[in-house]
Amino acid sequence: MRLIIAKDYADVSRKAANIIAAQIQMKPDCVLGLATGSSPVGTYKELIAKYESGDLDFSQVKTVNLDEYVGLPKDHEQSYAYFMRKNLFDHVNINQKNCNIPNGMNLNADEECARYDAVINGFGGADLQLLGLGPNGHIGFNEPADAFIKGTNKVELTASTIDANQRFFAKREDVPTHAYTMGIGSIMKAKRVLLVCSGENKAQAVKDCFFGPINPRSPGSILLFHPDFTLVADEAALSLVKDQL
Ligand code: F6R
């Protein structure tokens with residue numbers, strides 16, 4: 001693991017955006033694995049600013065997103081398809097035909113998971129996969145479990161994840177209970193993995209995943225096995241491992 005210590009969320013975002021920008025510059029037709037949630041929003045803002053200043057060209061970039069809620073159409077304001085358009089795709093010159101997200105409206109889970117695995121495998125995995133970390137250590141929606149799941153799968157979200165995501169919905173009952181997520185095997189297939197993490201509410205997960213044993217109960221811990229894994233975390237997220245830095 002390569003650890004980049006940032007001061008705060010803004011600093012995490014700048015540092016992560018610089019790494020992604022370098023990836024796009026080195027390989028303009030690269031495949032980016034992308035995440036939603038609050039962690040990457042600042043990174044996306046920085047990337048948009050680089051595009052606007054003429055420093056980045058997304059015209060050949062292809063993307064595969066980590067996950068999508070089951071049952072939300074892509075125009076639903078809380079769908080991850082909508083999130084990606086609002087926070088990145090609509091603001092840069094990416095061809096949205098090259099942007100892949102699981103289809104939450106395909107209720108045939110076997111079919112949708114196989115389709116999405118074929119998309120990822122068709123690319124040979126992402127060149128760079130951007131991740132956030134759940135407060136329970138999840139990556140994508142791969143929740144703590146008895147084993148690491150390889151391919152795209154339909155998951156029942158844990159109470160902790162529903163609690164964490166409730167802030168985006170009018171009431172808890174509105175939060176979808178299931179999601180399609182890229183599997184851990186597909187995340188590990190990426191040539192480079194970049195995880196952005198900020199805030200004290202992530203400190204326990206950072207400690208469990210990256211400063212403890214590799215264990216499917218802390219799904220992010222598998223990244224310690226990845227040959228090119230970079231963690232960009234701020235001081236608050238690292239507050240429980242200060243003595244190990
Ligand atoms: C998002 C995703 C999730 C989030 C995680 C952290 O596509 O797959 O694993 O990265 O839940 O969420 P935030 O960033 O909102 O704290």
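How are α2 and α3 oriented to each other: roughly parallel, roughly perpendicular or oblique? Keep that in mind for the first stop.

**Before you start**

This is a predicted model: local features need pLDDT of at least 70, side-chain atom pairs count only at pLDDT 80 or more, and totals for chains, interfaces and linings use all residues. Residues are numbered from 1 along each chain as its sequence is written, and side-chain values use heavy atoms, with hydrogens and water left out. Helices (H or I, at least four residues) and strands (E, at least two) are DSSP runs, numbered from the N terminus.

**Stop 1: α2 and α3**

Select 41-52 for helix α2 and 80-87 for helix α3. They pack at about 40°, with axes 10 Å apart. Each axis is a line fitted to C-alpha atoms over the stretch in contact, and angles run from 0 to 180 degrees between N-to-C directions. Under 35 degrees counts as roughly parallel, over 145 as roughly antiparallel, 65 to 115 as roughly perpendicular, and the rest as oblique. The two helices are therefore oblique to each other.

Show side chains next. From α2, V41, Y44 and I48 make the contact; from α3, F83, M84 and N87 do. Contact here means heavy atoms within 4.5 Å. By class, this patch has 5 nonpolar residues, 1 polar and no charged ones. In that scheme Ala, Val, Leu, Ile, Met, Phe, Trp, Tyr, Cys and Pro are nonpolar, Asp, Glu, Lys and Arg are charged, and the others, Gly among them, are polar.

**Stop 2: all of α3**

Keep α3 selected and colour by accessibility. Buried means under 20% relative accessible area, exposed over 50%, and partly exposed in between (1.4 Å probe, protein chains only). In α3, 6 of the 8 residues are buried, so the helix is largely enclosed by the rest of the structure. Those residues are Y80, A81, F83, M84, R85 and N87. What do they pack against? Add β2 (31-34), α2, β3 (62-65), β4 and α5 (159-165) to the view.

**Stop 3: the aromatic cluster**

The whole structure has 6 aromatic pairs. Rings of Phe, Tyr and Trp (its six-membered ring) pair if their centres lie within 6.5 Å; planes under 30 degrees apart are stacked, over 60 edge-to-face, and the rest tilted.

Select Y69 and Y80. Their ring centres are 4.8 Å apart and their planes meet at 40°, so this pair is tilted. Y69 sits in strand β4 (residues 67-69) and Y80 in helix α3, 11 residues apart. Both Y69 and Y80 are buried.

Now add F141. Its pair with Y69 is also tilted, at 6.0 Å centre to centre and 35° between the planes. Y69 lies in β4 and F141 in the loop between β6 and β7, so the pair ties together parts 72 residues apart in sequence. F141 is buried, as is Y69. Add F169 to complete the view: Y69, Y80, F141 and F169 form one aromatic cluster.

**Stop 4: salt bridges**

How many salt bridges does the structure hold? There are 11. The criterion is a side-chain nitrogen of Lys or Arg within 4 Å of a carboxyl oxygen of Asp or Glu.

Select D146 and R217. Their side chains form a salt bridge at 2.6 Å, N to O. D146 is in the loop between β6 (128-131) and β7 (153-156), and R217 in the loop between α7 (203-210) and β10 (229-234), so the bridge ties together parts 71 residues apart in sequence. D146 is exposed at 69% relative accessible area. R217 is partly exposed at 44%.

Move to D163 and R172, which bridge at 2.7 Å, N to O. D163 is partly exposed at 41%, and R172 is partly exposed at 33%.

Then pick K171 and D174, a salt bridge at 3.3 Å, N to O. K171 is partly exposed at 44%, and D174 is partly exposed at 33%. Elsewhere, select R2, R192 and D228: salt bridges with shared partners join them into one network.

**Stop 5: I19**

Select I19 in helix α1 (residues 9-26). Is I19 buried or exposed? At 17% relative accessibility, I19 counts as buried. Leaving aside neighbours within four places in sequence, I19 contacts I4, L128, R192, L194, T230 and V232. I19 and L194 are 175 residues apart in sequence and 8.5 Å apart in space, C-alpha to C-alpha.

**Stop 6: P73**

Finish in the loop between β4 and α3, at P73. P73 is partly exposed, at 37% relative accessibility. Beyond neighbours within four places in sequence, P73 is in contact with S79 and M105. For a distance label, use P73 and G104: 31 residues apart in sequence, 6.6 Å apart in space, C-alpha to C-alpha.
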